[in-house]
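Let us walk through this fold strand by strand. The sheet comes up early, then a pocket, then two residues in loops.

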Amino acid sequence: MSLPEAVEKPFGGHTAPSYRVGDKLFAMTGEDGRSLTFKAGPGVQEALVASDPERFFVPKYVGRNGWVGARLDVGQDWDEIAGLIEDSYRLIAPKRLVRLLDGRPPTP
């Protein structure tokens with residue numbers, strides 16, 4: 001929630017937390033609270049899943065669009081997860097908000 005203009009808002013009829021910027025999803029948790037999914041850049045999904053399939057997986061429905069699932073019921077590197085969520089935000093957020101995140105002044 002420390003990302004510029006990020007809000008928590010449920011997705012569809014789900015009750016699990018989902019996180020948006022500009023009404024676009026950048027992260028969402030599973031209904032059972034055991035997983036988190038987030039958008040990733042090209043090649044990231046494949047690299048994460050191949051390197052540690054106990055921690056990462058290709059999620060149903062959104063996996064074909066490059067989203068990554070992270071299991072929350074196994075040991076995780078939370079700094080890495082935070083970085084992956086920020087990367088997801090950067091892929092979804094408007095450029096003016098990414099500039100704010102980088103500490104650069106917005107362009108008119």
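Strand 5 and strand 6 are joined by two bridges, and they run antiparallel. One of the bridge pairs sets Phe-56 against Ala-70 in strand 6. Keep in mind that this is a predicted model.

Now widen the view. The six strands make an open sheet, and its order is 1-2-3-4-6-5. The pairing is antiparallel. Which strands stand at the edges? They are strand 1, residues 6–8, and strand 5. Each has a single partner strand, so one side of each lacks a neighbour in the sheet.

Move inward from strand 5 to strand 6, which covers residues 67–71. Strand 6 also pairs with strand 4, again in the antiparallel sense, and here there are five bridges. Several partners can be named. Ser-35 is bridged to Arg-71 of strand 6. Thr-37 is bridged to Gly-69 of strand 6. Lys-39 has Trp-67 of strand 6 as its bridge partner.

How enclosed are these two strands? In strand 6, four of the five residues are buried, so the rest of the structure largely encloses it. In strand 4, four of the five residues are buried as well, so this strand too is largely enclosed by the rest of the structure. For both counts, buried means under 20% relative accessible area.

Next comes the other partner of strand 4. Strand 3 and strand 4 pair over three bridges, in the antiparallel sense. Met-28 is bridged to Thr-37 of strand 4. Thr-37 therefore appears in two bridges: one with Met-28, the other with Gly-69. Strand 3 and strand 4 form a hairpin with five residues between the strands. There, Gly-33 takes a positive phi near 75°.

The hairpin strands lead to the pocket. The largest pocket holds about 410 Å³ of space. Its lining has 14 residues, and those closest to the centre are His-14, Met-28, Thr-29, Gly-30 and Tyr-61. Which elements give two or more residues to this lining? Strand 3 and strand 4, the latter being residues 35–39, do so. By residue class, the lining of the largest pocket has six nonpolar, six polar and two charged residues. Met-28 thus has two roles in this picture: it is bridged to Thr-37, and it is among the lining residues closest to the pocket centre.

Two loop residues remain. Take Asp-23 first. It sits in the loop between strand 2, residues 18–21, and strand 3, residues 24–29. The side chains of Asp-23 and Lys-9 make a polar contact of 3.3 Å. Val-7 is 16 residues away from Asp-23 along the chain, yet their C-alpha atoms are separated by 8.5 Å.

Then take Arg-55. Its loop lies between helix 1, residues 44–51, and strand 5, residues 56–57. Is Arg-55 buried or exposed? Its relative accessibility is 14%, so it counts as buried. What does Arg-55 touch, leaving out residues up to four places away in sequence? The contacts are Gly-69, Ala-70, Arg-71, Val-74, Gly-75, Gln-76, Asp-77 and Glu-80. Among these, Ala-70 is the bridge partner of Phe-56, which returns us to the pairing of strand 5 with strand 6.

Note on methods. Residues are numbered from 1 along each chain as its sequence is written. This is a predicted model: local features need pLDDT of at least 70, side-chain atom pairs count only at pLDDT 80 or more; totals for chains, interfaces and linings use all residues. Side-chain values use heavy atoms; hydrogens and water are left out. A polar contact is a pair of N or O atoms within 3.5 Å; within protein, one must be able to donate a hydrogen and the other to accept it, and residues adjacent in sequence count only if both atoms are side-chain atoms. On a 1 Å grid over the protein atoms alone, a cavity is a set of points where a 1.4 Å probe fits but cannot get out, and a pocket is an open set with protein on both sides within 12 Å along at least five of seven lines; lining residues have an atom within 4 Å of a point. Grid points are joined across faces, edges and corners, and a volume is the space filled by probe spheres set on the points. Ala, Val, Leu, Ile, Met, Phe, Trp, Tyr, Cys and Pro count as nonpolar, Asp, Glu, Lys and Arg as charged, and the others, Gly among them, as polar. Buried means under 20% relative accessible area, exposed over 50%, partly exposed in between (1.4 Å probe, protein chains only). Two strands pair if DSSP finds at least two bridges between them. Contact means heavy atoms within 4.5 Å.
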